[in-house]
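Work through the exercises below with the structure open beside the text. Each task is followed by a solution in steps.

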Amino acid sequence: MRRLGDFLLAALAGLCALVSVGILVGLVFVVAQRGAPALSWSFFTEQIRLVGAAGGIFWNLVGTMILLASACLICGPMAIGLALVECVWLRGDRSRRALRTVLYTLNGLPSILFGLFGFIVFVQWLDWGKSWLIGGIVLALGMLPTVSVALIERLKAIPASYVEAAAALGLSRAQIVWAVLLPQAWGGLITGSLLGLARAAGETAPIMFTCTIFAGATWPRGIVESPVLTLPYHIFILAQDSFDPAVGAKLWGAALVLLGLVFFLSLIALPSRLKMHEEANA
Amino acid sequence: MTRAWSWFFSLVAIGTLALLVGIFVWQSLPVWRHEGWGYLTGTKWFFRQQEFGAWPMIYGSIVVSGVALVLAAPFGMGAAIFTAEYLPRAPRLAVKVLIELLAGVPSVVYGLLGILLLRNWIYDLFAPFDPLSGDTLLTAGVLLAVMILPTVVTLGDDALRAVPAAQRRAARALGLTRAETILHVALPQARRGLGAALLLALGRAFGETIAVFLVVGRQDNNLPERLLSLRPLLESGQTLTSKLGGSETNISYGDPLHWAAIVGLGLILLVLTGALTVIGTAFGRRSDA
Amino acid sequence: MLAVRDLAVHANGQPLLRNVSFDVQPGHVFGIIGPSGAGKSTLLRALNRLTDLIPGLRVSGDVRLRGASNYADGTDLNALRARIGMLFQQPVIFPASIGENVLFGAKRLRSLTRVERHEVVERALREAALWDEVRDRLRTSALTLSVGQQQRLCLARALAVEPEVILMDEPTSALDPKSTQAIEDLILRLKAHRTIVLVTHNVAQARRVADWLACICIRDGAGEIVESACCDAVLGNPQCREVIDYLQHAS
């Protein structure tokens, strides 16, 4: 009887795991299968024509890259600042925990709220209209918890002996930061940024009101009134009118490219994440 | 200098967040003044008549997230038990990596899959019940269930692994079977972390915008008379996020009351997801008391 | 009672234990001593097949309980582990009440009525010399007990399952002298009804408690039994150099 229970639990749990992994892998497979036919050199290098029925996604890719690059650059200093404040400058457990609570809460906030924020402050109040920079700012805010937490964990993993040795040599706290902490934390910054970018690349809600349009933009000219085309928004708009079969394959192709981009960013972060995992468990 | 810069950038970040919350409160004030608490409980939304009730959307968000959790929890927990208790080290890491990778699938891709696959499937499956279309609360719920599944599995696995191996070893040494050890030693001691996993997954479902937007039907004023029956699931509905993602957000900026009503929805969303996240995180971390 | 024949344990190809053979007589306390890392704990775990739970370990040879092999195909492992109980170095308490801890293994073996439960709990706690201290608070959390009491609780828990053999892996190294004394007294009392295999670092303890001693040392990179004889013989007239060195270091 007890052996039956043993077997049942294992079977049920295994079944759940199979279904879970199966569904998720199946989804990717469907996208790949339907999108693959659309992929070609011209798909990547041409612009959209005929409302997505022809042409390619070149400018969408460019726009997404611009957004990701600016998000990364804006987020970086803030994340480093937050991580250093949490690990080095803040005294007292209560304030540290408060900071970390703020970060975790931020992480759970729906991205559309950041989009609305950007819409109110930048598009309306500052009268910038739709601009790529607003997109960068908004995405940076969304990335902030991911990158900060990755940095904080990396800093915490630095052996206390390094810091002690540096302090024993007479270095001030600021010097310790530059000489010991930051060089070691560099890896955490890159890894965290890659993970944050993977998430940001697929975001549609925050960029809808703030920086992207469906067609007509190429390189942004300046900051004000300079929207860009983006990959997720492109898919979003076309998905709502998806009865035109000519659009179909290209739509799946765009989705496949987006998926590829997100997976790529996640995967290159993987080796260093595994290494940190090993070091943490050693 | 370093210290100053660190604090500067930190305060910029924190200040921006405070500004965000403040803006949502401030910009939504007109509708609170206009409707009072009726804003939360009102069931009608007719912006042309300046009548704003958020309850149908709150209801929609709750229903859709609830369905998602009810569907995802059993499979996710079962999968977590499998990875944490049955898989040896290397396959477990591989599965975890795979699941985390899949957790990164963008919501717009899920939305696309929902439109082109799930929608028709639900419509056909429930044809005996005569639904108006495939864009229903149920569709959104099912789609969300798949989206939060990786979260449940990953966090559930972490919670189970946090139970010390010595406990399992002692139970096995007494002669307990593997299933008994899992059910009576590992699961009870992982209760906190598992609860946190579910809360955080719920929070994620609650805040999801794009995928829900594409398949929920975006039908206002469709609150059913009997809230707890299953039939309303097959109706089109509206959630807080699907409303915010719609066209009203763009067009309402000029009209103070309408705009306030829209921002008010954002404020409600902020408070609810914030609460879920804070409670979920606190719940899971009480163990290091 | 227990017969070990040519037991060998490998971890990922590297041998940990080799050529281990000995017999344990019923009603005896069989002590295993030796330097750290020689494989004493691994040997103990091989006796109740707890080694099955450690990935990468491969066990060859045989262990026989009352003549029946533990390693035969189709052995009911859970029943086996109920017949061979185990006490660990660190007491492992389940987050439950004292009474529930005691019953943890016992109630799975067969369904017990309420009356039977009380009996099992009282009997096990008496045998572990803990009854008088906790009889009024069986429902309180076991985590409130002192370390010494917790270890006795673990013993009671193991006893509740009515094992024939009890394995003890350095059961007193985490305890203060008074608790250590209590456990040693218990061991001497227990051996009337049960057989005990005791791994210990403490040679004095072995001298006080054991009837038979085996000494395990590392030879050619793996643990082997260097000497196995009745306790007085080993300690009074050690045969091999390693034992002598060890005794000199340890005393």
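A pocket is an open set of grid points where a 1.4 Å probe fits, with protein on both sides within 12 Å along at least five of seven lines. The model used in these exercises is predicted.

**Exercise 1. Describe the second largest pocket: its volume, its lining and the elements that supply the lining.**

Step 1. The volume comes to about 940 Å³.

Step 2. The lining has 25 residues, and those closest to the centre of the pocket are B:A84, B:R161, B:A165, C:L53 and C:P55.

Step 3. Two or more lining residues come from each of these elements: α11 (245–281) in chain A, and α3 (55–86), α4 (89–103), α7 (165–173) and α8 (178–189) in chain B. The largest share belongs to α7(B), which gives four residues.

Step 4. Sorted by kind, the lining has 12 nonpolar, three polar and 10 charged residues.

**Exercise 2. Give the extent of chain B and state what part of its residues is buried.**

Step 1. Chain B contains 13 helices and two strands.

Step 2. Along the principal axes, its C-alpha atoms fill a box of roughly 70 × 70 × 30 Å.

Step 3. Chain B has 289 residues, of which 57% count as buried.

Step 4. Take the contacts in chain B with a separation of 6 or more: 74% of them join residues 24 or more positions apart.

**Exercise 3. Describe the contact of chain B with chain A, then its contact with chain C.**

Step 1. Interface size is often expressed as the accessible area lost when the parts come together.

Step 2. For chain B and chain A, the buried area is about 6700 Å², with 80% from carbon and sulfur atoms. In chain B, the residues that lose the most area to chain A are B:T2, B:L101 and B:L112, together 8% of what that side buries. The contact involves 78 residues of chain B and 79 residues of chain A.

Step 3. For chain B and chain C, the buried area is about 1500 Å², with 67% from carbon and sulfur atoms. B:R172, B:A173 and B:L174 account for 39% of the area that chain B buries against chain C, more than any other three residues. Here 15 residues of chain B touch 19 residues of chain C.

**Exercise 4. Is A:E86 buried or exposed, and which residues does A:E86 contact beyond its neighbours in sequence?**

Step 1. A:E86 belongs to helix α3 (residues 58–89) of chain A.

Step 2. The cut-off for buried is under 20% relative accessible area. A:E86 has 0%, so A:E86 is buried.

Step 3. With neighbours within four places in sequence left aside, A:E86 contacts A:R96, A:L99, A:R100, A:I152 and A:K156.

**Exercise 5. Why is helix α10 of chain A described as largely enclosed?**

Step 1. The buried residues of α10(A) are A:L231, A:P232, A:Y233, A:H234, A:I235, A:F236, A:L238 and A:A239.

Step 2. Helix α10 (residues 231–239) of chain A has nine residues and eight of them are buried, so the helix is largely enclosed by the rest of the structure.

**Exercise 6. Describe how strands β1 and β2 of chain C are joined.**

Step 1. β1 (residues 2–11) and β2 (residues 14–24) of chain C pair in the antiparallel sense over seven bridges.

Step 2. One bridge links C:L2 to C:V24 in β2(C).

Step 3. Two residues lie between the strands of this hairpin, in which C:N12 has a positive phi near 50 degrees.

Key: Residues are numbered from 1 along each chain as its sequence is written. Chains are lettered from A and ligands numbered from 1 in the order in which they are written. This is a predicted model: local features need pLDDT of at least 70, side-chain atom pairs count only at pLDDT 80 or more; totals for chains, interfaces and linings use all residues. Side-chain values use heavy atoms; hydrogens and water are left out. On a 1 Å grid over the protein atoms alone, a cavity is a set of points where a 1.4 Å probe fits but cannot get out, and a pocket is an open set with protein on both sides within 12 Å along at least five of seven lines; lining residues have an atom within 4 Å of a point. Grid points are joined across faces, edges and corners, and a volume is the space filled by probe spheres set on the points. Ala, Val, Leu, Ile, Met, Phe, Trp, Tyr, Cys and Pro count as nonpolar, Asp, Glu, Lys and Arg as charged, and the others, Gly among them, as polar. Two strands pair if DSSP finds at least two bridges between them. Buried means under 20% relative accessible area, exposed over 50%, partly exposed in between (1.4 Å probe, protein chains only). Contact means heavy atoms within 4.5 Å. Buried area is the accessible area (1.4 Å probe) that two parts lose on being put together, summed over both.
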